[in-house]
Amino acid sequence: MIEEKLESIGIRLSDPPQPIGSYVPILQSGNLIFVSGQIPLIGRTLPEKYKGKVSNQVSINTSIEASKQCAINALEHIKKLLGSLDTISKFVKITGYVNSDSSFKDHPKVINGASDFLLEVFGEKARHTRVAVGVNSLPLDSVVEIDVLCEVD
Amino acid sequence: MIEEKLESIGIRLSDPPQPIGSYVPILQSGNLIFVSGQIPLIGRTLPEKYKGKVSNQVSINTSIEASKQCAINALEHIKKLLGSLDTISKFVKITGYVNSDSSFKDHPKVINGASDFLLEVFGEKARHTRVAVGVNSLPLDSVVEIDVLCEVD
Amino acid sequence: MIEEKLESIGIRLSDPPQPIGSYVPILQSGNLIFVSGQIPLIGRTLPEKYKGKVSNQVSINTSIEASKQCAINALEHIKKLLGSLDTISKFVKITGYVNSDSSFKDHPKVINGASDFLLEVFGEKARHTRVAVGVNSLPLDSVVEIDVLCEVD
């Protein structure tokens, strides 16, 4: 049902991007599903528009879009692990790292790109807690990185 | 009993600050209570003295005070969710993000503001693990952000 | 058995470094073991070579070595808490904070120092999820800080 919802808003999940280091993309411990930090890769590539710092090099609007892409990638990993996104009982926590200039103050807007997308697709189940911070660099110069924790029954 | 202890040191909990984004302030998963990242809001306002970077713009002493305020805000959310702070069996982890100059080295002192406060109020139950890092920007230019994880029986 | 493996690669665990703040180094909640953020202390000292930012002040190779040292320190805490490292059922998550210049992009290489070491020693059990980010400062000017979460049966 979640995938029908995704298709209705024009999103079709594909194979998730592979980790760029010595780790696994996703793992279950008890009822918790830990997803490794996601950057806005599309396929195996980080688009140029998603590289650099908010707000001098990348606009807030583009970084919101990047943040949504991180969440899509997380869903691809979750689907691959669990078989179905309907197994998720709730999203527990999102930690969002924004690659930013040292004067940036609007981190919540950027991470809303991921949060609003999850709320649109999962409704009440997507009501997660959140941490949003600024960092001075990210892997591959990504503009944003999102860490997702969710729960299964 | 915890609230009596709080009042004895001059702290009366009020309604917690609302999230500044598309998320919830607090959530339970299993026995764990996840609190969203807290900045040192007082009511709905981030005081000017709690904006900027340690140590050039904000003194270490003021940032310690800000860090304590984050912990107070976390307690307000926990009380609202659980009804009583006596339900907490232990504090599990605090992650503290310090908005800092790139030469700053005293992050533990800043985050001790939150840790020492919790130890004063909760005693043994407050003996938590901790991560303290520096970041180059935080939401609303807050000097510190604290992420709290605790456990209920 | 894990300790024999460690000795076979020349690593003998000693007493873990003490926290540099008002917190505990390690704690169990349910089946999860939370380890406080580790910096590459050797005994009670942070070696000069492990201070500063990648890649201008500290080379990538040295920061990889520092990252491995953080993981060794985490193991010392786990052994002290559990009595034996064989009790670990799996490593769940590593969050790696790299003290870096704002143009740095190779965070995964640095944190691989910790991840590859755990994989070498623990094999399949070490297949963890991971978050790697850059930060502009860390306690004591450490080049890296590692946050470890593992699981016991």
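Visitor: What makes the five strands of chain B an open sheet with mixed pairing, and in which order do they lie?

Guide: In this predicted model, the strands of chain B follow the order β1-β2-β5-β3-β4, and the sheet they form is open, with mixed pairing. The edge strands are β1 (26-29) and β4 of chain B, each of which pairs on one side only. Averaged over neighbouring strands and with direction ignored, the turn of one strand against the next is 15 degrees.

Visitor: How do you know that β3(B) and β4(B) pair, and which way do they run?

Guide: Two strands count as paired once at least two bridges are found between them, and seven bridges join β3(B) to β4(B), so the condition is met. The two strands run parallel. One of the residues involved is B:Thr95, whose bridge partner in β4(B) is B:Val131.

Visitor: Which helices of chain B lie on this sheet, and at what angles?

Guide: Helix α2 (residues 60-82) of chain B lies across β1, β2 (32-38), β3 and β5 (144-152), running at about 40 degrees to β5(B). Helix α3(B) also packs on the sheet, where it touches β3, β4 and β5 of chain B, and its direction makes about 160 degrees with that of β3(B).

Visitor: Why are α2(B) and α3(B) called oblique to each other?

Guide: Their axes come within 7 Å and cross at roughly 40 degrees. Angles under 35 degrees would count as roughly parallel, and 65 to 115 as roughly perpendicular; the crossing at roughly 40 degrees belongs to neither class, and α2(B) and α3(B) are therefore oblique to each other. The crossing in which α2(B) passes α3(B) is right-handed.

Visitor: Which residues make the contact of α2(B) with α3(B), and what is their character?

Guide: From α2(B) the contributors include B:Ile60, B:Ile64, B:Cys70 and B:Ala71, and from α3(B) they include B:Val110, B:Ile111, B:Phe117 and B:Leu118. Charged residues take part as well, among them B:Glu65 and B:Lys68 of α2(B) and B:Lys109 of α3(B). The residues of this contact divide into ten nonpolar, four polar and three charged.

Visitor: What is the arrangement of α2 and α3 in chain C?

Guide: In chain C, the axes of helix α2 (residues 60-82) and helix α3 (residues 107-122) come within 7 Å and cross at roughly 40 degrees, which makes α2(C) oblique to α3(C). The crossing of α2(C) and α3(C) is right-handed. Residues of α2(C) including C:Ser63, C:Ala66 and C:Ser67 meet residues of α3(C) including C:Asn112, C:Gly113 and C:Ala114, and the contact divides into ten nonpolar, four polar and three charged residues.

Visitor: How do you know that chains B and C are related by a three-fold axis?

Guide: A rotation of 120 degrees, with 0.0 Å of shift along its axis, superposes chain B on chain C with an RMSD of 0.0 Å, and that is the relation of a three-fold axis. Of the residues of chain B, B:Val135 comes closest to the rotation axis, its C-alpha being at 3.1 Å. Chain C can likewise be laid on chain A by a turn of 120 degrees and a shift of 0.0 Å along the axis, with an RMSD of 0.0 Å; in chain C the C-alpha nearest the axis is that of C:Val135, 3.1 Å from it.

Visitor: Why is it said that chains B and C meet through different surfaces?

Guide: Only 11% of the interface residues of chain B are also interface residues in chain C, so the copies meet through different surfaces. In the interface, 28 residues of chain B are in contact with 23 residues of chain C. On the side of chain B that touches chain C, β3 (88-99), α3 (107-122) and β4 (129-135) each supply at least two residues, and the residues of that side divide into ten nonpolar, twelve polar and six charged.

Visitor: What makes the peptide bond between B:Val54 and B:Ser55 cis, and where does B:Ser55 lie?

Guide: The omega of this bond is about 0 degrees, and the bond is cis. B:Ser55 is found in the loop between β2 and α2 of chain B. Most peptide bonds are trans.

Technical notes: Residues numbered from 1 in each chain as written. Chains lettered and ligands numbered in written order. Predicted model: local features only at pLDDT ≥ 70, side-chain atom pairs only at ≥ 80, totals over all residues. Axes fitted to C-alpha atoms, helices over the stretch in contact; angles between N-to-C directions. Helix = DSSP H or I, 4+ residues; strand = E, 2+ residues; numbered from the N terminus. Parallel < 35°, antiparallel > 145°, perpendicular 65-115°, else oblique. Left-handed = near helix turned anticlockwise from the far one by under 90°. Contact = placed C-beta atoms within 7 Å. Least-squares fit on C-alpha atoms with pLDDT ≥ 70 in both.
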